[in-house]
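Thank you all for coming. I would like to walk slowly through one structure with you, so please have a look at it before I begin.

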2 protein chains.
Amino acid sequence: MGLMSEPRWLSDEEQRVWRDFSAAVSMLRAHLEGQLQRDSGMPHTYYEVLVVLSEAPGRVLRMSDLALATRSSRSRLSHAIARMEANGWVRREACPTDKRGAFAHLTPGGLAALEEAAPGHVEAVRASLFDPLTPEQVKQLGEISSAVIANLTPRCAEAAREELENLDGDG
Amino acid sequence: MGLMSEPRWLSDEEQRVWRDFSAAVSMLRAHLEGQLQRDSGMPHTYYEVLVVLSEAPGRVLRMSDLALATRSSRSRLSHAIARMEANGWVRREACPTDKRGAFAHLTPGGLAALEEAAPGHVEAVRASLFDPLTPEQVKQLGEISSAVIANLTPRCAEAAREELENLDGDG
DNA sequence: TGTTGTTACTTGAGGGCTCAACCAACTGGG
DNA sequence: CCCAGTTGGTTGAGCCCTCAAGTAACAACA
């Protein structure tokens, strides 16, 4: 422990921003999740799956691609698709060329559920996020989000590489 | 359906911003939650409870006040405190003046767990959120967050917010 | 061919969250 | 005092998520 570098704490302003950001995100999340759950009986992750599937050509996607597009783990998606299949929103199909693979296919019922849910959800997003912001702030939020994504994306690859090195036994 | 007003959809830019913001938040969340879980064996909500308790005078808070300060439901907090008590991080105490009430008291073990977890977590917050942003963007993010909070905070909770601010200084 | 490694996906256990129901204690009006 | 209404907090069921382990199929190569 003695060799560890001194942690860089947050300035007063950073601390204030972090707490407000944290609060804003948790309130937004609770608000949108609750709206979707109450009005359409689905968690937000399922809604995202429906959206991505509905935009895919043929309304079909490989599980892996769907997981990637929704930033979900394979496991999470697998559980989710199991339940959505039970709901009649989605149908699993075997992949003919790669027998390990599975397709997730949006059913008419799934599309209907999405079309039923979408207006209320979009309205909630608008009312809770965009309405209180000026157009300038919307633009700023977009740039901030892009910067965060760009910064966090290579970091994932880096963590994966370290993991690999540790498994091999370091050189 | 015929009488419902037409939904206001999102513009192209709003849609792009919403998707980026959504992705950024989910990546940030996953990153920070994972870091805290791996390095300190606690979910982020428990960390927040420890922080708030550690800053409270006497390191004690009524369950209700703690729930407010952490933007948590009573139920969630009750479950959380139960587990944190089992971990030895917190101790429940009865309230002498109102026998329904309960205090949550931070234990030395809980404080130690927090002090152990804090540097790594702060570093992760800095690295994933503040480092990729310019000082100007940090300021913008603070203003955006405040606007969202103000918009989402129901009027009935305004008194509660003031109450929270007074928890420190009022004694 | 077999063997090793990787990829695609599933499964089960365990933990956290929400919701609704609940109990117990305080409050206020008769 | 009584009794309804409210408040503070807990509990259990059900759901979603994560993690680790497992299965099955592909790929590379001796």
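**Where the protein meets DNA strand C**

Let me start with R76(B), which has a polar side-chain atom 3.2 Å from a phosphate oxygen of DNA strand C, and such a pair of N or O atoms within 3.5 Å is what I call a polar contact. Before going on, I should say that this is a predicted model, in which local features need pLDDT of at least 70 and side-chain atom pairs count only at pLDDT 80 or more, whereas totals for chains, interfaces and linings use all residues. Residues are numbered from 1 along each chain as its sequence is written, chains are lettered from A and ligands numbered from 1 in the order in which they are written, and side-chain values use heavy atoms, with hydrogens and water left out.

R83(B) also reaches the backbone of the strand, with a polar side-chain atom 2.6 Å from a phosphate oxygen, while S75(A) places a polar side-chain atom 2.9 Å from a base oxygen. In total, 23 residues surround DNA strand C, the closest being S64(A), S78(A), R100(A), S75(B) and R83(B), where a residue is near the strand if one of its heavy atoms lies within 4 Å of it. Of the atoms of the strand that come within 4 Å of the protein, 67% belong to sugar and phosphate.

Which kinds of residues make up the surface near DNA strand C? There are four nonpolar, ten polar and nine charged ones, counting Ala, Val, Leu, Ile, Met, Phe, Trp, Tyr, Cys and Pro as nonpolar, Asp, Glu, Lys and Arg as charged, and the others, Gly among them, as polar.

**Two helices of chain B**

Helices here are DSSP runs (H or I, at least four residues), and strands are runs of E of at least two, numbered from the N terminus. The axes of α2(B) and α4(B), which are lines fitted to C-alpha atoms over the stretch in contact, with angles from 0 to 180 degrees between N-to-C directions, come within 11 Å and cross at roughly 85°. The two helices are therefore roughly perpendicular, a term for angles of 65 to 115 degrees. Their contact, meaning heavy atoms within 4.5 Å, brings T45(B), Y46(B), V49(B) and L50(B) in α2(B) to R76(B), L77(B), A80(B), I81(B), R83(B) and M84(B) in α4(B). These residues divide into seven nonpolar, one polar and two charged. R76(B) and R83(B), which we met at the phosphates, thus also belong to this helix contact.

Terms used
Angles under 35 degrees count as roughly parallel, over 145 as roughly antiparallel, 65 to 115 as roughly perpendicular and the rest as oblique. A polar contact is a pair of N or O atoms within 3.5 Å; within protein, one must be able to donate a hydrogen and the other to accept it, and residues adjacent in sequence count only if both atoms are side-chain atoms.
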